[in-house]
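Trainee: I am new to this structure and would like a close look at a single part of it. Please pick one pair of side chains that attract attention, and then connect that part to the rest.

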Amino acid sequence: MTNTDNHNDIGRLKWTDEMHEALLEKLYEHFRLGKQTDGGGFKADVWTQTVEAVRRVYNGDGVVEDSSCRNKWTWFK
């Protein structure tokens, strides 16, 4: 299931199933702890931990940033 080409020609991350899983698991963990905001988002410390979780499973040359994870979360919502 893992795609070894995690970075495409225009510099955007190509998300793998493992990256999606890391993102969603970490956000769900914090949701259960009540760290979401009233607007349906998450507090800043949650994003820091989520970025680290996604970075641990990412095997490409690109950079997983806070904005990468926030944008992907918006895509799921």
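Mentor: Start with D66 and R70, which form a salt bridge whose closest N and O atoms are 2.5 Å apart. The term stands for a side-chain nitrogen of Lys or Arg within 4 Å of a carboxyl oxygen of Asp or Glu. The model is predicted, so local features need pLDDT of at least 70 and side-chain atom pairs pLDDT 80 or more, while totals for chains, interfaces and linings use all residues. Residues are numbered from 1 along each chain as its sequence is written, and side-chain values use heavy atoms, with hydrogens and water left out.

Both D66 and R70 belong to helix α3, which covers residues 66–76. They are four residues apart, or about one turn of the helix. Helices are DSSP runs of H or I with at least four residues, strands are runs of E with at least two, and both are numbered from the N terminus. How exposed are the two partners? D66 has a relative accessible area of 32% and R70 has 35%, so D66 is partly exposed and R70 is partly exposed as well. That class lies between buried, under 20% relative accessible area, and exposed, over 50% (1.4 Å probe, protein chains only).

The pair has company, since the search of the whole structure finds four salt bridges. One of them joins R55 to E52, with the closest N and O atoms 2.9 Å apart. R55 and E52 are three residues apart in helix α2, so about one helical turn separates them. R55 is partly exposed at 38%, and E52 is partly exposed at 36% relative accessibility.

Another salt bridge runs between D45 and K35, where the closest N and O atoms are 3.3 Å apart. This one links distant parts of the chain, ten residues apart. D45 sits in helix α2 (residues 44–57), whereas K35 is in the loop between α1 (17–32) and α2. The relative accessible area is 35% for D45, which is partly exposed; K35 is partly exposed too, at 26%.

What elements make up the chain around these pairs? There are three helices and zero strands, in the order α-α-α from the N terminus on. The chain has 77 residues, and 34% of them are buried.

Helix α1 gives an example of a buried residue, H20. The relative accessible area of H20 is 17%, which is why H20 counts as buried. H20 and W73 are 53 residues apart in sequence, yet their C-alpha atoms are 9.2 Å apart in space.

L24 is also located in helix α1, but L24 is partly exposed, with a relative accessible area of 31%. L24, W75 and F76 make a nonpolar surface patch of about 310 Å². Patches take residues with over 30% relative accessible area and no salt bridge, joining nonpolar side chains (Val, Leu, Ile, Met, Phe, Trp, Tyr) within 5 Å and like charges within 9 Å. The areas come from the Shrake-Rupley method with a 1.4 Å probe, and for residues only the protein chains shown count as cover.

To return to the starting point: D66 and R70 are one turn or so apart in helix α3, and their closest N and O atoms are separated by 2.5 Å.
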